[in-house]
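Here are some exercises to work through with the structure open beside you. Try each task before you read its solution.

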Amino acid sequence: MSQAKEPLSTRIDVNVPTAARMYDYYLGGKNNYAVDREAAEELLKVVPSTQALALNNRRFLRRVVRVLAQEYGIRQFIDHGSGLPTQDNVHQVAQRVDEECRVVYVDNDPIVLAHGRALLEENENTTVIQADMRDTDGIFGHPDTLRLIDFDRPVAALFNSVLHCIPDSSDPAGLMKRVADRLAPGSLLVICQLVSEDPETRRAVTEFMDKSTGGKWGRVREPQEVHRFFEGLEILEPGLVEVSTWRPDSDIGPRQRTWEWQEYGGVGRKL
């Protein structure tokens with residue numbers, strides 16, 4: 001499947017956990033349900049570093065958006081699989097650099113759409129659309145996207161901690177190429193996903209999340225597999241790394257402490 005065609009639900013199912021709401025719980029958010037909290041706590045028993053990893057990943061997102069806006073002049077962002085609004089969202093970080101920055105949030109979870117639109121209704125340079133992140137044609141051709149994004153100019157396409165939700169049958173590397181092909185030269189792809197060197201960790205987490213989310217999961221991959229997602233792109237310094245080490249704000253900033261698994265990736269530029 002190269003483009004997702006499944007109908008999107010508008011019903012919020014409080015009986016099945018979602019990755020977005022589990023992530024919200026780990027970040028200390030309130031937009032989650034008992035089933036999400038229970039699944040999140042069970043996952044901590046499998047990989048105890050999960051909450052710290054989620055917090056470090058959120059810090060990476062803030063840093064990378066700030067760096068792309070300040071140092072690379074990016075003023076347009078499409079955040080695929082954005083998840084629930086929390087503190088220092090992409091538009092808030094980018095618009096502190098330039099209030100004219102434009103942001104499109106994309107998620108298929110109806111609760112993200114509801115909370116996102118409520119948060120953003122007074123920000124004319126930001127929107128949230130409900131779409132499957134694999135549906136590049138639908139996302140890039142959406143009226144709200146076309147209202148905000150000029151595809152003749154560089155865009156930052158964000159895939160932050162979401163590609164592990166895409167199964168191999170949906171060809172995540174092909175998705176990255178499809179997105180890059182649609183963007184102007186100078187555009188940047190931010191890509192990171194959950195990886196582990198340990199086969200047992202990969203198996204246990206993948207099976208747990210696949211079962212918990214009702215099949216809405218891909219798999220935990222190996223670090224070298226992530227390199228395929230950057231084929232044809234120029235990888236910015238410091239390369240592909242565990243994300244807490246990607247251009248940290250200081251030498252004493254929070255770092256990954258244990259290595260059962262990690263968020264691994266970086267930034268690639270289209271030449």
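**Exercise 1. Work out whether arginine 202 is buried or exposed, and what surrounds it.**

Start with the accessibility: arginine 202 has a relative accessible area of 14%, so it counts as buried. The cut-offs are under 20% relative accessible area for buried, over 50% for exposed and partly exposed in between, with a 1.4 Å probe and protein chains only. Next, place the residue: arginine 202 belongs to helix H9 (residues 199–212). Helices here are DSSP runs of H or I with at least four residues, strands are E runs of at least two, and both are numbered from the N terminus. Finally, list the partners: beyond neighbours within four places in sequence, arginine 202 contacts Ser196, Glu197, Val220, Arg221 and Glu222, where contact means heavy atoms within 4.5 Å.

Two notes on the model before going on. It is predicted, so local features need pLDDT of at least 70 and side-chain atom pairs count only at pLDDT 80 or more, while totals for chains, interfaces and linings use all residues. Residues are numbered from 1 along each chain as its sequence is written, and side-chain values use heavy atoms, leaving out hydrogens and water.

**Exercise 2. Describe the setting of arginine 62.**

First, find arginine 62 in helix H3 (residues 50–71). Its relative accessible area is 28%, so arginine 62 is partly exposed. Then look at its contacts: not counting residues up to four places away in sequence, arginine 62 touches Gln87, Asp88 and Val93. Last, take the C-alpha distance to aspartate 107: the pair is 45 residues apart in sequence and 19 Å apart in space.

**Exercise 3. Assess the overall fold of the chain.**

Count the elements: there are ten helices and eight strands. Now apply the globule rule, 2.2 Å times the number of residues to the power 0.38, with the radius of gyration taken over C-alpha atoms. For 271 residues, a compact globule would have a radius near 18 Å, and the chain agrees with its 17 Å. Turn to burial: 56% of the 271 residues count as buried. For contacts between residues at least 6 apart in sequence, 72% join residues at least 24 apart.

**Exercise 4. Which residues have the most contacts inside the largest nonpolar core, and which elements build this core?**

A nonpolar core is a set of buried Ala, Val, Leu, Ile, Met, Phe, Trp, Tyr and Cys residues joined through side-chain atoms within 4.5 Å. The largest one has 32 residues, and those with the most contacts inside it are Ile78, Phe159, Met176, Leu183, Leu189 and Phe229. Two or more residues each come from strand S2 (102–107), helix H6 (136–140), strand S4 (156–160), helix H8 (172–182) and strand S5 (188–195). H8 gives the largest share, five residues. A separate core has 28 residues, including Leu113 and Val190.

**Exercise 5. Where do the backbone angles of serine 161, arginine 247 and proline 238 call for a second look?**

Begin with serine 161, in the loop between S4 and H8. Its phi is near 55 degrees, a positive value in a residue other than glycine. At 14% relative accessibility, serine 161 is buried. Arginine 247, in the loop between S7 and strand S8 (262–269), also has a positive phi, about 45 degrees. With a relative accessible area of 24%, arginine 247 is partly exposed. Finally, a cis peptide bond with omega of about 10 degrees joins glutamate 237 and proline 238.
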